[in-house]
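The following paragraphs go through one structure, element by element. Please keep the sequence and the 3D view at hand while reading.

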Amino acid sequence: MNEVVRLVVWVRGRVQGVGFRWFTRAKALEIGDLSGFALNLDDGRVQVVAEGPQAECQGLLDWLQGDDTPGRVDGVTEIWDTPRGIYDGFAIR
């Protein structure tokens, strides 16, 4: 079962000004078959939206929760949802 899903993630910690969005996009492209974006929020968090096969989205989430990200991740909140299919590639916003 590898249905197409939408993953929305909010990452807390020292995740702005450290290349976090760039590395997130690079990881999404490395995983492949993902579309969406990474966005700095005014409160210091980074929001990541990814759509694609569930296994690939889970791989990105695992990376976001792991120790290989730039900066320092203090916490990750995620929501799984129905894909909207409105993204072309994976962007930095």
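A convenient place to begin is the cover over the buried residues of helix 1, which includes strand 1, strand 2 (35–40), strand 3, helix 2, strand 4 (72–81) and strand 5 (90–92). The model is a predicted one. The residues under that cover are Phe20, Thr24, Lys27 and Ala28, the buried residues of helix 1. Viewed down the axis of helix 1, these buried residues stay within an arc of 100°, so they line one face of the helix. The general reason for such a pattern is that an α-helix has 3.6 residues a turn, so residues three or four places apart point the same way. On the face of helix 1 turned away from the buried side sit the exposed residues Trp22 and Glu30. Helix 1 is made of twelve residues, and the distance from its first C-alpha to its last is 16 Å, close to the 16 Å expected at 1.5 Å a residue. After helix 1 comes Gly32, which has a positive phi, near 85°.

The sheet is next. It is open and built from five strands in the order 4-1-3-2-5, with mixed pairing. Strand 4 and strand 5 are at the edges and have a single partner strand each, so one side of each is left without a neighbour in the sheet. On average, and with direction ignored, neighbouring strands of this sheet are turned by 15° against each other. Strand 2 and strand 5 run parallel and are joined by three bridges; Phe37 has Ala91 in strand 5 as its bridge partner. Helix 1 packs on this sheet and touches strand 1, strand 2, strand 3, strand 4 and strand 5, while its direction makes about 170° with that of strand 5.

Helix 2 lies across strand 1, strand 3 and strand 4, and runs at about 155° to strand 3. Its twelve residues should span 16 Å at 1.5 Å a residue, and the end C-alpha atoms of helix 2 are indeed 16 Å apart. Which residues of helix 2 are buried? They are Cys57, Leu60, Leu61, Trp63 and Leu64. Down the axis of helix 2, the buried residues fall within an arc of 160°, so they too line one face of their helix. Among the elements that cover them are strand 1, helix 1, strand 3 and strand 4.

The loop between helix 2 and strand 4 contains Thr69. Is Thr69 buried or exposed? Its relative accessible area is 11%, under the 20% limit, so Thr69 counts as buried. Residues up to four places away in sequence aside, Thr69 touches Phe20, Trp63 and Leu64.

What remains is the nonpolar interior. The largest nonpolar core has 19 residues, and those with the most contacts inside it are Val9, Val11, Val48, Leu60 and Leu64. Two or more residues of this core come from each of strand 1 (4–14), helix 1 (20–31), strand 3 (46–53) and helix 2 (54–65). Helix 2 gives the most, with five residues. Val48 shows how these parts meet: beyond its neighbours within four places in sequence, Val48 is in contact with Leu7, Val8, Val9, Thr24, Phe37, Ala38, Leu60, Leu64 and Phe90. There is also a second, separate core of six residues, including Val8, Trp10, Val49 and Tyr87.

Definitions and conventions: Residues numbered from 1 in each chain as written. Predicted model: local features only at pLDDT ≥ 70, side-chain atom pairs only at ≥ 80, totals over all residues. Heavy atoms only, no water. Core = buried A, V, L, I, M, F, W, Y, C linked by side-chain atoms within 4.5 Å. Buried < 20%, exposed > 50% of the residue type's maximum accessible area, 1.4 Å probe, protein only. Helix = DSSP H or I, 4+ residues; strand = E, 2+ residues; numbered from the N terminus. Contact = heavy atoms within 4.5 Å. Expected span 1.5 Å × (residues − 1). Arc of directions from axis to C-beta. Pairing = 2+ DSSP bridges. Axes fitted to C-alpha atoms, helices over the stretch in contact; angles between N-to-C directions.
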